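Student: Hi! I've got a protein open on my screen and I'd love some help reading it. Can we go through it together?

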Amino acid sequence: MNSNLLRLQEIAGKEISDPEDEFDILGLTQRQVAFGYSSEELDLVLKPMVKDGQEAVGSMGDDTPLAVLSKQPRLLYTYFKQLFAQVTNPPIDPLREKLVMSLATIMGWRRNLLGETPEHAKLIHSDSPIIFEHELDALRSIPDADHTAETISVLWDVAAGESGLKQAVARISHEAEKAIDGSARLIILSDRGVDSEHIAIPMLLAVGAVHHHLTRAGKRMRCSLICDTGEARDVHQIACLIGYGASAVCPHLAYETVRELIERGALGEGVSYAKAIRIYKQAVEKGLLKIMSKMGISVVESYRGAQIFEAIGLHSDLIGKCFTGTPSKIEGITLRMWQLKPWHGIVWPLRRGYLK
């Protein structure tokens, strides 16, 4: 362990430097529109997370239409509902029993469980599945050949037409398998680079597709999936990514949005960028512990890939390919139908020319 286990926070360092580039509100707004952000979400979801270090308190119940029936563009995460142990008291109290809960994350090649060799400890330890951008950069630059990282873009070309999304999902799955055959142990799925000509595959769809493709190929334990995403920003969305196989998530656009809140003065005076994103990360971690506790799960390693969700309004063919094993009592949208219906936030601004 002492000779082989790497600790991410020690490699990357705990200091977070302030952004050096000039704040580009136009570029940020375009990316926010592309990934379905709204002003209401900034004020009612992200702002309380950064100010209070926890999710905002809301009323019980949800009177919005189901995502499959909504006339508004909805993110893929809204098609999934969290399952929970239906008992009168929570199986674990994430506040009073926090001592027995852990978000510690292990990344790398998980070798034969029945073997005991020094190579079994050639892994990367992170204190949390939520990582900062400088920690993601550190993962990419680890010199050890046993921790080679490969970045795969989840963008697809608008010009590809109706079959573009399906072809892109197949492409990233095969690229991930090829990278593993080439000794890559960290597969980074990234949706950076969105513009008027390139759309991002929903990160949840990409993670689920790669996770199950590698599982069917018998190669899933040879790598860890890391999401470099501008799409996921709230607790449910990040929980979905982890629940479908992601080892770590870097919500880069959420960090940029926190910077916007600072620039606008929405967080008060004297709040530094480093402090603000640490508070945001703390809020996400608290939310993850709460979600895990509802199923009596104490460590995030047991939640990862467990798929403790029910889908509503997704076609069985799509479930079978990308979310195998997820219960879905109501059929619904296929990959092709998603391209014809503006279900994802990016389709609207692309059609209206906002990103050109």
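Tutor: Let's begin with contacts, meaning heavy atoms within 4.5 Å. Among contacts in the protein chain between residues at least 6 apart in sequence, 75% join residues at least 24 apart.

Student: Before I go on, what kind of model is this, and how are residues numbered?

Tutor: This is a predicted model, where local features need pLDDT of at least 70, side-chain atom pairs count only at pLDDT 80 or more, and totals for chains, interfaces and linings use all residues. Residues are numbered from 1 along each chain as its sequence is written, and side-chain values use heavy atoms, with hydrogens and water left out.

Student: Cool. How does the radius of gyration fit with a compact globule?

Tutor: The protein chain has 20 Å, which agrees with the value near 21 Å for a compact globule with 356 residues. That radius is taken over C-alpha atoms, and the globule rule is 2.2 Å times the number of residues to the power 0.38. The C-alpha trace spans about 55 × 50 × 50 Å along its principal axes.

Student: And how much of the chain is buried?

Tutor: 50% of the 356 residues count as buried. Buried means under 20% relative accessible area, exposed means over 50%, and partly exposed is in between, using a 1.4 Å probe and protein chains only.

Student: What about the charges, how many of each sign?

Tutor: There are 40 positive and 45 negative side chains, and the centres of the two sets lie 5 Å apart. Lys and Arg count as positive and Asp and Glu as negative, while His and the chain ends are not counted. The place of a charge is taken as NZ of Lys, CZ of Arg, CG of Asp or CD of Glu.

Student: Switching topic: how many helices and strands are there?

Tutor: The secondary structure comes to 13 helices and 11 strands. These are DSSP runs numbered from the N terminus, with helices (H or I) of at least four residues and strands (E) of at least two.

Student: Which strands form the open sheet?

Tutor: There are 3 strands in it, in the order E1-E4-E3, and the pairing is mixed. Two strands pair if DSSP finds at least two bridges between them.

Student: Why do some strands there have a side without a neighbour?

Tutor: Strand E1 (6–7) and strand E3 (105–107) stand at the edges, each with a single partner strand, so one side of each is left without a neighbour in the sheet. E1 pairs with strand E4 (residues 124–126) in the parallel sense over 2 bridges, and Leu6 has Ile124 in E4 as its bridge partner.

Student: What holds paired strands together in general?

Tutor: Strands of a sheet pair through backbone hydrogen bonds, either parallel or antiparallel.

Student: Okay, what about E9, who does that strand pair with?

Tutor: Strand E9 (residues 224–229) pairs with E10 in the parallel sense over 5 bridges, and Leu225 stands opposite Ala246 in E10. E7 and E9 also run parallel, joined by 5 bridges, with Asp228 in E9 as the bridge partner of Ser190.

Student: Are those strands covered or open, E9 and E10?

Tutor: E9 is mostly covered, with 6 of its 6 residues buried. Ser224, Ile226 and Asp228 are on one side, and Leu225, Cys227 and Thr229 are on the other. Strand E10 (residues 246–251) is mostly covered too, as 6 of its 6 residues are buried.

Student: Where is Ile131, and what is it in contact with?

Tutor: Ile131 is in the loop between E4 and helix H4 (133–140). Ile131 is buried, with a relative accessible area of 0%. Leaving aside neighbours within four places in sequence, its contacts include Leu8, Ser126, Ile226, Ala248 and Tyr255.

Student: Last one: which phi values stand out, say for Ser183 and Gln307?

Tutor: Most residues other than glycine have a negative phi, and most peptide bonds are trans. Phi of Ser183 is positive, near 80°, and Gln307 has a positive phi of about 55°. Ser183 is in the loop between helix H5 (164–181) and strand E7 (186–190) and counts as partly exposed at 38% relative accessibility. Gln307 is in the loop between H10 and E11 and is buried, with a relative accessible area of 13%.
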